[in-house]
Amino acid sequence: MTHDTQAAEAGHAPASAAWPIRLDGVSVTYPNGTTALRDVSLDIDAGEMVSIVGLSGSGKSTLIRTINGLVPVTAGTVTVGPHTVSGLHGRRLREVRGHVGMIFQGFNLATRVDVYRNTLVGRFARAGRLRTLLGVTSARDREVALTALDTVGMLDKVWSRAAALSGGQQQRVAIARALSQEPSIMLADEPVASLDPPTAHAVMSELERINAERHLTVLVNLHLMDLARQYTRRMIGLRDGELVYDGPAAEATEADFEQIYGRRIRPQDRLGDRT
Ligand SMILES: Nc1ncnc2c1ncn2[C@@H]1O[C@H](COP(=O)(O)OP(=O)(O)OP(=O)(O)O)[C@@H](O)[C@H]1O
């Protein structure tokens, strides 16, 4: 009997397998007329960890948000695993989102609530409306949430209020919340932009480890190219909504930097190396 069959027989959803991501000719124009993505096509394999770099306003957030349907596409198609996201609405879109974990620059935790309950929220991402409304959790929900906290080294803070944690600790809890979903894809929108350099490295290392250990597809927006080089093998560069680089991060040259950022590299473009 497989692990998944055992899990299904025990009455709970099996852990998810990683999903690939495909964008095919995707353009996004917001209702105010701003075009944020222009004819972007890319393929990300299941289990890959890929960074997206570019200046503020280049379209990084928009790209990531098309993947879980937070931003509708104007043209083209977005496919995640077996689902075409573009065109989905309502319950079917919510179902797909349940498989996509998301981490934000500002952590988005309920700061007055303890770490445990913040993490358990991830378990409701794939639950029915009634169970979510009633807030009913199973023994497995509690176990998955606590395991996720253990994975990111936050188990000893389980009863702390989120507001009492440092930025780096809050981002770890946000990662644990996303892991509690047992996601097939993890999207991270500038996850380290609010953190000091050592903490930024620690959080990036965490994402790198989760990608390797769980074989989870990870897509991470970064505005600093040196972080992309240090933590991801493949880097995508956006400039004014256009894909201008897609290749090995380590091999990106100063000329590639200029192509993506439209200017020469400056000292403030580097966070510094991991220790
Ligand atoms: N909801 C929105 N309505 C209208 N325009 C938007 C909206 N969201 C983003 N934009 C515009 O779309 C373009 C791309 O923005 P986006 O946030 O995707 O870029 P980004 O590279 O993630 O930048 P940042 O790091 O500053 O968020 C910008 O010109 C931005 O002003």
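## The buried face of helix α8

In this predicted model, helix α8 has seven residues to examine first for their burial: Ala200, His201, Val203, Met204, Leu207, Ile210 and Asn211 are its buried residues. An α-helix has 3.6 residues a turn, so residues three or four places apart point the same way.

The cover over these buried residues includes three strands, β3 (49–53), β7 (185–189) and β8 (217–222). Two helices, α7 (167–180) and α9 (225–231), are also among the elements that cover them.

## The length and end of helix α8

Helix α8 spans residues 197–214, a run of 18 residues. From its first C-alpha to its last it reaches 26 Å, which is close to the 26 Å expected at 1.5 Å a residue. Just after the helix, histidine 215 adopts a positive phi of about 55 degrees.

## The open sheet

Four strands form an open sheet in the order β2-β1-β4-β5, and their pairing is antiparallel. Strands β2 (35–44) and β5 (83–84) lie at the edges, each pairing on one side only.

Within this sheet, β1 (residues 21–29) and β4 (residues 75–80) run antiparallel and are joined by five bridges. Arginine 22 stands opposite threonine 79, which belongs to β4.

## The surroundings of the ligand

The ligand is surrounded by 13 residues, of which the closest are Tyr30, Ala36, Ser56, Ser61 and Thr62. Helix α2 (residues 60–67) supplies the largest share of this shell, three residues.

By chemical character, the shell consists of nine polar, two nonpolar and two charged residues.

Methods
Residues numbered from 1 in each chain as written. Predicted model: local features only at pLDDT ≥ 70, side-chain atom pairs only at ≥ 80, totals over all residues. Expected span 1.5 Å × (residues − 1). Buried ≥ 20, exposed ≤ 12 C-beta atoms within 10 Å, placed from the backbone. Contact = placed C-beta atoms within 7 Å. Pairing = 2+ DSSP bridges. Near = placed C-beta within 6 Å. Nonpolar A, V, L, I, M, F, W, Y, C, P; charged D, E, K, R; others polar.
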